[in-house]
Amino acid sequence: MTKQQVKILLSTLLILGVAGLTAWLLQNSNIAVLNPKGLIATQQRDLIITATLLTLIVVIPVFILTFFIAWKYRAGNPKAKYTPDWDHHKGLEFAWWAIPSAIILVLSVITWTSTHELDPYKPIQSTKKAVTIQVVALQWKWLFIYPEQNIATVNYIQFPEDTPINFEITADAPMNSFWIPQLGGQVYAMAGMKTKLHLMAGETGSYHGSSANLSGEGFSGMRFEAKATSGADFDAWVKTTQQSSNALTPASYHELSEPSQNNPVTVYSRSTPGLYDDIIMKFMSPHAPADAHSDQSRHEATP
């Protein structure tokens with residue numbers, strides 16, 4: 001075997017080895033966005049794969065041609081044809097403009113369609129009544145308010161499977177981002193604003209939630225558990241939580257809103273009515289009193 005053949009063989013084995021190792025790592029790694037557990041996350045996963053495969057139609061030939069041209073026209077190859085006057089080829093010019101243009105056109109149609117289908121503000125159609133959860137990003141923890149159940153939690157949420165979840169998201173701290181990778185994409189939490197996100201878990205399980213936006217020294221600990229259970233288990237959890245001795249009052253919220261790191265899970269049996277709206281409106285009204293949770297400030301800020 002010649003030295004040239006040995007180089008070709010080693011290069012081929014290296015490429016196959018890298019490809020095989022990559023495939024093995026992907027297969028044995030629990031990459032959240034590629035292991036969806038909800039309706040929205042599944043559609044987003046399929047969109048990622050479709051877009052990736054379409055771009056590979058151009059990317060793979062480019063890499064192959066890069067190695068091929070570099071090898072064929074290397075300095076040590078006397079058989080390489082020298083054509084200094086060949087500036088273009090009509091057929092090749094058409095191919096490397098037409099194929100990428102067609103792919104971009106297809107991707108643009110897919111992007112337009114999926115953008116409307118996966119709009120985070122778009123409610124999920126279901127025969128089951130949606131559960132509303134109000135999300136407040138604090139430093140460095142998450143507060144979740146269940147207005148219909150009159151309970152609240154810190155760094156933990158629970159909801160029934162196969163049931164639409166309507167998240168209403170804001171912040172009482174620097175801008176952040178709310179994300180449950182296995183259920184759907186992230187949505188920003190901003191002070192004085194309310195964003196929305198509609199998700200639904202397709203099966204029971206415990207899913208990792210986190211902040212997807214760098215927000216200071218406590219960012220790494222700003223995590224929470226999102227647990228999907230059966231409807232009966234969710235109702236039982238709500239009843240148990242409603243028996244807690246903790247209450248989310250303006251005073252306890254003021255204490256909770258102070259910066260702190262690695263907060264444990266906390267549950268509240270009661271929440272001050274309108275607390276979520278007060279948190280938003282204290283950034284909206286320049287004349288609002290310092291206590292954002294007073295009934296008077298809420299009345300003045302409401303048209």
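**Notes on a predicted model**

1. Helix 2 has 34 residues, which at 1.5 Å a residue should span 50 Å, and the C-alpha atoms at its two ends are 49 Å apart, in agreement with that expectation. The model under discussion is a predicted one, and the values in these points should be read with that in mind.

2. The course of helix 2 also has a feature that a student can look for along its length, since there is a kink of about 40° in this helix, centred on Leu56. Leu56 appears again in the next point, as one of the residues that make a nonpolar surface patch.

3. A nonpolar patch of about 960 Å² lies on the surface, and the residues that make it are Ile31, Leu34, Ile48, Ile49, Leu53, Leu56, Val59, Ile60, Phe63, Ile64 and Phe67. One of them, Phe63, belongs to helix 2, which runs over residues 39-72. Is Phe63 buried or exposed? Its relative accessible area is 52%, and because the cut-off for the exposed class is over 50%, Phe63 counts as exposed.

4. Helix 2 has a covered side to consider as well, for Ile40, Ala41 and Leu54 in this helix are buried. The cover over the buried residues of helix 2 includes helix 3 (90-117) and strand 8 (195-199), so that a reader who wishes to see what lies against Ile40, Ala41 and Leu54 may begin with those two elements.

5. The structure holds three salt bridges, and they are taken here one by one. In the pair formed by Glu203 and Lys37, the closest N and O atoms are 3.7 Å apart. What does this pair tie together? Glu203 is in the loop between strand 8 and strand 9 (205-211), while Lys37 is in the loop between helix 1 (3-28) and helix 2, so the salt bridge connects parts that are 166 residues apart in sequence. Both partners are partly exposed: Glu203 has a relative accessibility of 37%, and Lys37 has a relative accessible area of 22%.

6. Another salt bridge is formed where the side chains of Arg45 and Asp46 meet, with a distance of 2.9 Å from N to O. Arg45 is partly exposed at a relative accessible area of 21%, and Asp46, with a relative accessibility of 38%, is likewise counted as partly exposed.

7. The side chains of Asp172 and Lys282 also meet in a salt bridge, at 3.1 Å from N to O. This pair links distant parts of the chain, since Asp172 is in the loop between strand 5 (165-171) and strand 6 (176-179), Lys282 is in the loop between helix 6 (275-281) and helix 7 (295-301), and the two residues are 110 residues apart. Asp172 has a relative accessible area of 13% and is buried, whereas Lys282, with 31%, is partly exposed.

8. The backbone deserves careful reading at several places, and one of them is the cis peptide bond that joins Gln139 and Trp140, where omega is about -15°. Trp140 is found in the loop between strand 1 (131-138) and strand 2 (141-146).

9. Two asparagines call for a look at their phi angles. Asn150 has a phi near 60°, which is a positive value in a residue other than glycine; this residue is in the loop between strand 2 and strand 3 (151-154), and at 34% relative accessibility it is partly exposed. Asn262 has a phi near 55°, again positive in a residue other than glycine; Asn262 lies in the loop between helix 5 (250-256) and strand 12 (266-268), and with a relative accessible area of 57% it is exposed.

10. Separation along the chain and separation in space should be kept apart, as two further loop residues help to show. Ala191, in the loop between strand 7 (187-189) and strand 8, is 93 residues from Met284 along the chain, and their C-alpha atoms are separated by 9.2 Å. Leaving out residues up to four places away in sequence, Ala191 touches Ala171, Ala173 and Phe283. Gln242, in the loop between helix 4 (231-241) and strand 11 (247-248), is 121 residues from Tyr121 in sequence and 30 Å from it in space, C-alpha to C-alpha. With the same sequence neighbours left out, Gln242 touches Gln149, Ile151 and Ser269.

Conventions. Residues are numbered from 1 along each chain as its sequence is written. This is a predicted model: local features need pLDDT of at least 70, side-chain atom pairs count only at pLDDT 80 or more; totals for chains, interfaces and linings use all residues. Side-chain values use heavy atoms; hydrogens and water are left out. Patches are made of residues with over 30% relative accessible area and no salt bridge: like charges are joined within 9 Å, nonpolar side chains (Val, Leu, Ile, Met, Phe, Trp, Tyr) within 5 Å. Accessible areas come from the Shrake-Rupley method with a 1.4 Å probe; for residues, only the protein chains shown count as cover. A salt bridge is a side-chain nitrogen of Lys or Arg within 4 Å of a carboxyl oxygen of Asp or Glu. Helices (H or I, at least four residues) and strands (E, at least two) are DSSP runs, numbered from the N terminus. Buried means under 20% relative accessible area, exposed over 50%, partly exposed in between (1.4 Å probe, protein chains only). The expected span of a helix is 1.5 Å times one less than its number of residues. The bend at a residue is the angle between axes fitted to the seven residues ending there and the seven starting there. Contact means heavy atoms within 4.5 Å.
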